[in-house]
Amino acid sequence: MRAHARRDHGDRRKGNHMVTIADVAQKAGVSISTVSYVMSGKRTISQETRDRVESAIDALGFSPHAGARSLASRATNVIGLQAPLRSGVDVHVIMQVVTGVVTRARTQGYDILLLASDDAKALQRAARGSMVDALLVMDVESDDPRIATLTDLPHPSVLIGLPAGRRALPCVDFDFEAAGWLAVDRLVALGHRDLALIGSPPEVMARHTSYADRLARGFLAACEANDVSGTIHPCPSTPEAAQTVDRVVSEHPSATGFLVHNEGALPHAAARLAVHGGDRFDTVALCPEDVAATVPGLADSISVPAEAIGAAATDMLCEMLAGSPRQAVRLLPPHLASATKP
């Protein structure tokens, strides 16, 4: 009764920190989802674990937010993941993000409902049909029409991507803008003064997919800051990437430093650049680590931690489901492969 009474008397503070369900989980030595199950009664928990959790709640004076209690009472333990397979997206990278989401969700006691469409109606159906507790949305555009729908839904939502302007929803992604800066700094350090970005397919850039926009913004800003020339070139994710390289080399004969962010195009572009430039050219690849390892002759690479992005987004969403205050933006920082090797 004492633990129950404490939980009914408002949120307690630990120093200047509002006690959250994550604090309870840490003190009890269990997962956040286990604490949620103890409070909601939705799953069978051993008496020993239940006693530890209730003891931690009592000791910390934790009081779950009323909205979190209401949500827990109708929980499905399913997270909706919208991962649209649009034209131009790299399925390999998409599936790595999905793997990160699914793997982390299972450790938190959640299943995943995969939504392959790209429209807001699918999100509405999943949410209003009581199919999911929360939503993760991928392939976010700089001005994404789905954001308005998600904002109107009562379900917690996290974007895997970073739209432009004020962010109405929590966002998790890789810091593509910083990656653009890092790549330019690396190429400049190698002595190049005229740079080219071989980028995403034309349809991805035309949609203003947020990662493509942010990479371009960082690349151009870094070129300006370093007082070097920089151009951006959309590129198909097919062997026709070699033709894009031919055109860039013809139109920009002084370009000798290249950043390639296009997993499908990378082997074809790198091979073509080797034919054209020999030792004159240096290429930095922005792609998952396993992709870069298959391409010979790269000057350096920046890994896109696709699985880690999915895991981080899932962590943020599970924390929101458990009643913790939401974060605004979390961006995973870029690292050069050459800087992380022993």
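In this predicted model, Cys171 is tucked away from the surface: its relative accessibility is just 1%, so it counts as buried. Cys223 gets the same label, buried, because its relative accessible area comes to 3%, under the 20% cut-off. As for cross-links, a disulfide is a covalent bond between the sulfur atoms of two cysteines. With the criterion set at sulfur atoms within 2.5 Å, the count of disulfides here is zero.

Turning to the nonpolar interior, the largest core holds 47 residues, and the members touching the most others are Leu136, Met138, Val158, Phe174, Leu195, Leu259 and Leu286. Helix H15 (residues 306-321) puts in the largest share of this core, with nine residues. Val158 gives a feel for the packing: once neighbours within four places in sequence are set aside, Val158 is in contact with Leu135, Leu136 and Val137, with Pro170 and Val172, and with Ala313, Met316, Leu317 and Met320. Another core lies apart from the largest one; this second set has 21 residues, including Ala255, Phe258, Ala292 and Val295.

Thr294 makes for a contrasting case. This threonine sits in the loop that runs between helix H14 (289-292) and strand S12 (300-303). Its relative accessibility is 60%, and since anything over 50% qualifies, Thr294 counts as exposed. Even so, the Thr294 side chain finds a partner in the backbone, reaching the oxygen of Val291 at 2.7 Å. Along the chain, Thr294 and Leu266 are 28 residues apart, while their C-alpha atoms are 9.9 Å apart in space.

Definitions and conventions. Residues are numbered from 1 along each chain as its sequence is written. This is a predicted model: local features need pLDDT of at least 70, side-chain atom pairs count only at pLDDT 80 or more; totals for chains, interfaces and linings use all residues. Side-chain values use heavy atoms; hydrogens and water are left out. Helices (H or I, at least four residues) and strands (E, at least two) are DSSP runs, numbered from the N terminus. Buried means under 20% relative accessible area, exposed over 50%, partly exposed in between (1.4 Å probe, protein chains only). A polar contact is a pair of N or O atoms within 3.5 Å; within protein, one must be able to donate a hydrogen and the other to accept it, and residues adjacent in sequence count only if both atoms are side-chain atoms. A nonpolar core is a set of buried Ala, Val, Leu, Ile, Met, Phe, Trp, Tyr and Cys residues joined through side-chain atoms within 4.5 Å. Contact means heavy atoms within 4.5 Å.
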